[in-house]
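Take a look at the model below and get a feel for how the chain runs. Then we'll walk through it piece by piece.

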Amino acid sequence: DLSSGINAEWPLRPGFDRRIADIESAIHAIKKGGFETLLAVELLEAQVLLKKLKRIQKAALEVAKLSQQTIAIMKSYNKPPDVVTQVMRSVFLLLGNKSSELQTWPDILIQLNKIGKINTKRRIQCCVPEDIDYSAAQKVELILCKYDEELVFDTTQALGVFYNWAECIADERLALPVKITEKNKSSGLFGAARPPPLQEGGIVASGTPPTKKEKSTDCDSALIPLL
């Protein structure tokens, strides 16, 4: 089966960099092997997936690049504009916090001030769309659609960057099924497949199961260095 490499099960969180590299390798293998016609559907799906992954990777990278000083400007508000509260509430809803934990600006600051493995930047680097509750993504979409991107960036740079990430990943979650099964996770949007390995003669072999070590769901190795 020439397409089995594209649809092979693969770890849920190998990190965006490796997922992107895997898909780029798969696309290259298909083209190099002359299978563009035979695997036209799989090739198109891989190209669309690559674009989506790069979009989320870019948004998460922009968050990681924010300096503490830039974030501190936003955190210095005693009574922030409504847009600040709502955008940051959206961020934490997507990260899995309950609405009851995000009722007021001081509540949101508690989350924003957390350090170590549960700091906001780190949580964002670990966040993938299939882990987000569908209803949370719907709620965030309704919140963010009220605000113009230019207005958000004019408020503070940090807020604009968080807004872009929230809008991006909520959009991708809403493009997935309402209920995510393990099968969806391994073969769907972010269960990125390994490139189909080439045997001698340019034949595409079936996908190779990941090793026990590769199945780790710890995203630490995939984290972008945090400032």
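What follows is a short tour, going from the overall fold to charged residues and a few contacts.

## The big picture

First things first: this is a predicted model. Its secondary structure comes to eleven helices and zero strands. If you read along the sequence, you get the pattern α-α-α-α-α-α-α-α-α-α-α.

How many of the residues count as buried? Of the 227 residues in the protein, 48% do.

## A salt bridge between H2 and H3

Now for the charged pairs. The count of salt bridges comes to five. One of them joins glutamate 24 and lysine 54, with their closest N and O atoms 3.2 Å apart. Glutamate 24 sits in helix H2 (residues 16–32) and lysine 54 in helix H3 (residues 40–64), so this pair ties together parts that are 30 residues apart in sequence.

Are these two partners buried or exposed? Glutamate 24 is partly exposed, with a relative accessible area of 36%. Lysine 54 counts as partly exposed too, at 39% relative accessibility.

## Arginine 55 and its partners

Arginine 55 is worth finding in the model. This residue forms a salt bridge with aspartate 171, and the closest N and O atoms are 3.1 Å apart. Arginine 55 lies in helix H3 and aspartate 171 in helix H10, so the pair ties together parts that are 116 residues apart in sequence. Arginine 55 is partly exposed at 36% relative accessibility, and aspartate 171 is partly exposed at 39%.

Glutamate 172 also forms a salt bridge with arginine 55, the closest N and O atoms being 3.0 Å apart. Here again the pair links distant parts of the chain, with glutamate 172 in helix H10 and arginine 55 in helix H3, 117 residues apart. Helix H10 covers residues 157–174. Why does glutamate 172 count as buried? Buried means under 20% relative accessible area, and glutamate 172 has a relative accessible area of 3%. Put the partners together and you get one network: salt bridges that share partners join Lys52, Arg55, Asp171 and Glu172. The two side chains of glutamate 172 and arginine 55 make a polar contact as well, at 3.0 Å.

## A buried arginine with no salt bridge

Next, try arginine 89, which you'll find in helix H5 (residues 82–94). Arginine 89 is buried, yet has no salt bridge. Which side chain of opposite charge is nearest to arginine 89? That is aspartate 82, 6.0 Å away. A salt bridge needs a side-chain nitrogen of Lys or Arg within 4 Å of a carboxyl oxygen of Asp or Glu.

The side chain of arginine 89 does have a backbone atom to reach: the oxygen of leucine 102, at 2.7 Å.

## A negative patch on the surface

Which residues form the negative surface patch? They are Asp148, Glu149, Glu150, Asp154 and Glu167. Helix H9 (residues 149–155) gives the largest share of the patch, with three residues.

Aspartate 148 lies in the loop between helix H8 (134–144) and H9. With a relative accessible area of 47%, aspartate 148 is partly exposed.

## Two more spots to look at

Asparagine 113 is in the loop between helix H6 (105–112) and helix H7 (120–126). This asparagine 113 is partly exposed, with a relative accessible area of 43%. Its side chain makes a polar contact with the side chain of lysine 75, at 2.8 Å. You can also compare places along the chain: asparagine 113 and alanine 72 are 41 residues apart in the chain, and their C-alpha atoms are separated by 9.9 Å.

Last stop: serine 135, in helix H8. Serine 135 is partly exposed, with a relative accessible area of 43%. Where does the chain bring this residue? The C-alpha atoms of serine 135 and valine 178 are separated by 8.4 Å, while the two residues are 43 residues apart along the chain.

Note on methods: Residues numbered from 1 in each chain as written. Predicted model: local features only at pLDDT ≥ 70, side-chain atom pairs only at ≥ 80, totals over all residues. Heavy atoms only, no water. Patch = residues over 30% accessible without salt bridge, like charges linked within 9 Å, V, L, I, M, F, W, Y side chains within 5 Å. Areas by Shrake-Rupley, 256 points an atom, 1.4 Å probe, with all protein chains shown as cover. Lys, Arg positive; Asp, Glu negative; His and termini not counted. Charge placed at Lys NZ, Arg CZ, Asp CG, Glu CD. Helix = DSSP H or I, 4+ residues; strand = E, 2+ residues; numbered from the N terminus. Buried < 20%, exposed > 50% of the residue type's maximum accessible area, 1.4 Å probe, protein only. Polar contact = N/O pair within 3.5 Å; in protein donor to acceptor, adjacent residues only side chain to side chain.
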